Amino acid sequence: MTEIACFDQAQAGAILNAVLRQSSTASTTGIKLRLGTSAPTATGNMTELSSSGYTTGGTVMTFNAASAAATSNSSSASWTNGGTTWSLVGLELWDEAGSPVRWMFGSWTGQPISIANGNVFQVSSAGVAISLQLSGTWVSVCYA
Amino acid sequence: MTLPGFDPEPLRVSCLGCGAEGWTFDYQHPGRAVECGCCPEPHDHDAHAASCPRGHGGDCGLGVPGCAVCRPVVIEGKAHLRLLDPADLLDANPEIPQSLDVTEV
């Protein structure tokens, strides 16, 4: 089964509680983008890349103010592979709390993407697009 | 019918030496996407860079004296994170019928 990418399950609950139960929730300090070699799920973290050229814990990334229920990164980031070939599959967005919290996850378009030694993997601004589906058309089926 | 956001998207790849760029759906060999004056050979730049006989690894390229293999490339990654996209739901739940045969009783 393919997992639906976006919110960590625990944080999705926190967001629902913020709306419906007036509890407060927010990411802390800032957001970091992490690279992974496996696919994350709503309840399971990906395997974070561990290789020369990448610092575990991720790289700080800033985002544009949301508009029309969508946003994207405003900063860019890049990593130069200094080791064996990377096979990039997933990405995760974590905050910078003392004990970082994972907020969102997804997979790279076209994953797995091979990044050979010496090559650069770059995420330009707007490379990570995030959107919420506000409504959709569904057909109700009644069986006689 | 192609669902929005589900088109296969190519990777943008550019040469670190001259900036020449290319696009590819070959996610396993993105270095092949760029052909430029820095390395006009139609071969796997990634593989050549990784096996540089002079031990340059992937750091070969313009400005490296005597280097005879490929320059590194920049591979641009993209991701779309969507919440509650009906297409995602259909993909995640193949048991949901995507079309129905309606028979009049």
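This report walks through the fold of chains A and B in a predicted model.

## Chain A: secondary structure

Let's start with chain A, whose secondary structure comes to one helix and 10 strands. The helix comes at the start of the pattern, and the strands then follow one another along the sequence: α-β-β-β-β-β-β-β-β-β-β.

Helix α1 of chain A covers residues 9–20, which makes 12 residues. From first C-alpha to last, α1 of chain A spans 16 Å, close to the 16 Å expected at 1.5 Å a residue. If you look at the backbone just after α1(A), you will find A:Gln22 with a positive phi of about 55 degrees.

## Chain A: burial and contacts

Chain A has 144 residues, and 30% of them count as buried. What share of its contacts with a separation of 6 or more comes from residues 24 or more positions apart? In chain A that share is 70%.

## Chain B: secondary structure

Now for chain B, which holds two helices and four strands. Here helices and strands are interleaved, in the order β-β-α-β-β-α. Each helix in that pattern is thus preceded by a pair of strands, and chain B's pattern ends on a helix.

## Chain B: burial and contacts

Of the 105 residues in chain B, 33% are buried. Turning to contacts between residues at least 6 apart in the sequence of chain B, 31% of them join residues at least 24 apart.

How values were computed
Residues are numbered from 1 along each chain as its sequence is written. Chains are lettered from A and ligands numbered from 1 in the order in which they are written. This is a predicted model: local features need pLDDT of at least 70, side-chain atom pairs count only at pLDDT 80 or more; totals for chains, interfaces and linings use all residues. A residue is buried if 20 or more other C-beta atoms lie within 10 Å of its own, exposed if 12 or fewer, and partly exposed in between; C-beta atoms are placed from the backbone. Two residues are in contact if their C-beta atoms, placed from the backbone, lie within 7 Å. The expected span of a helix is 1.5 Å times one less than its number of residues.
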